[in-house]
Structure formats: structure tokens, C-alpha cells
Amino acid sequence: MNNSFSRSIGLLGEEGIEKLNNVSVIIFGVGGVGSYATEALARAGVGSITIVDNDIVDITNINRQLIALHSTVGMDKVAVSKSRIEDINPLCKVTAIKMFYDENSNMDLTEFDYILDCIDSVPSKLMLAEIAAKNNIKIISAMGTGNKLEPDKLKITDISKTSYCPLAKKMRVELRKRGINHLKVVYSTEEPKCRNVPPASVSFVPPVAGLMMAGEVIKELIHD
């Protein structure tokens, strides 16, 4: 057993650690939510991680994104994330794809055990949900964490049970049009503190959402 994960055995078990070592996950978006979800998966011992993001690190990301430092401003987010994962677990197979995921993206997602949707684009989120439903791939999707201040209001549930979240409401309507009634999401029951555009953000809400997503994925994968 890799000593890097020895402290996790008491909670996840040796069999659980072995399962994680043999799964493949893909994370779309490594921003405020996705960067923390990605790193939590890496530190749990997930054996194969693919990250997809088209952005570079911007100075305005420093307030909430794990990969955002003054030393990384201007760098591709996927490159920074890949470097961190490989430093955490050199045995992890990391694939970094700099791309905006849309209808022109030619990707086979059937090879993955879990999809983490941490992107903002509604059309892209709907595409991922549709592909996951069609191919019976596990997926969890992040709803809005901007303009929110209370991390204890974050929940993981089915999208049919969400409230207060404008993004979840829009997703629900569009998913129903596509015949999809269920989607696991992390969302906030908090009413927005403001209506800023682009959304205001803090250092402790998006990261908590990302860690919750990773925790849900890890627990589900080891109990399969």
C-alpha cells in the first residue's frame, strides 16, 4: 500500500483504496469548485484523472481557486492542475485537455467511471447530463455557488428537490424537455446575497462545494 494513503485506510479500507486506484474520473472545469474537487480526488488515490478546461489562471481567481497563485497567473488551468496532481500522486494517470466543452467536442465519455460537472455553461452542462443518462455513466453536477455566503447551506440531492437556485431551476426545465428527470447535484439553499454579474464569490463557498462533490464521488465509487 502506498504510504501516501495509509491514513485513509481506517475510513476507506484497503479494498476501497484499491478500488479508487483502478477508477477513471473526468472533471469538467477546474475553477473555484472543480480545482478543490480535483485535488480531493487525487489525495484520495484516484488512479486516473482527466481534467478539461479552456481557461488560464486570472488574477481575479486568487480569492477562491486552489490553483490560482501569483506565480500561476497566465498559465493554463489544466497545466497547473496536472502538475499538482502528479506531485501529490506520481502514480496517477493524468490527462489535461485544454478545451471548452460544447457540441463540437469529440470526446468518448463512456470510458469514465464518474463525471464531475463543475462548469458554468448551461448548454455544456445539459450535454454532459444527456450523455451520462444515455450511457448510464455516474455524474454529479455543481449548481451556482456565486453570490452565496453560507457554506452550511450547501446540499447534495437530486435536482428535482432543489430550491432557491436559479441555475438549478433552469437546468430542471431544460432537462425535462430532454426526458431527464434526475441528476445528482450540489447546490445551495441560500438565497443569493446579491445579484452581481459576474457573480461575487468568496474563498469558502465554492471550495466546500467542490470537496462535497469529491466526497460523494469517492464514497459512491468504493461502495460499488
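Here are three short exercises on this predicted model, each with a worked solution.

Residues count from 1 along each chain as its sequence is written. Local features need pLDDT of at least 70, side-chain atom pairs count only at pLDDT 80 or more, and totals for chains, interfaces and linings use all residues, while side-chain values use heavy atoms, without hydrogens or water.

**Exercise 1.** Work out how many residues of helix α2 are buried.

*Solution.* Helices are DSSP runs of H or I with at least four residues, and strands are runs of E with at least two, numbered from the N terminus. Buried means under 20% relative accessible area, with a 1.4 Å probe and protein chains only. Go through residues 34-44 and you'll find that eight of the 11 are buried. Among them are Gly34, Ala37 and Leu41. Next, look at the cover: it includes α1 (9-21), β1 (24-28) and α6 (206-222).

**Exercise 2.** Find the edge strands of the sheet.

*Solution.* Start by writing down the order, β3-β2-β1-β4-β5-β7-β6, an open sheet of seven strands with mixed pairing. Two strands pair if DSSP finds at least two bridges between them. β3 (93-97) and β6 each have a single partner strand, so one side of each has no neighbour in the sheet. As a further step, check β5 and β7 (residues 184-188): they pair in the parallel sense over three bridges.

**Exercise 3.** Place Lys148 and list what it touches.

*Solution.* First, Lys148 sits in the loop between β5 (138-142) and β6 (154-158). Then take contact as heavy atoms within 4.5 Å. Leaving aside neighbours within four places in sequence, Lys148 is in contact with residues including Ser188, Glu190 and Val202. Finally, its side chain reaches the backbone oxygen of Glu190 at 3.4 Å.

Notes: Buried means under 20% relative accessible area, exposed over 50%, partly exposed in between (1.4 Å probe, protein chains only). A polar contact is a pair of N or O atoms within 3.5 Å; within protein, one must be able to donate a hydrogen and the other to accept it, and residues adjacent in sequence count only if both atoms are side-chain atoms.
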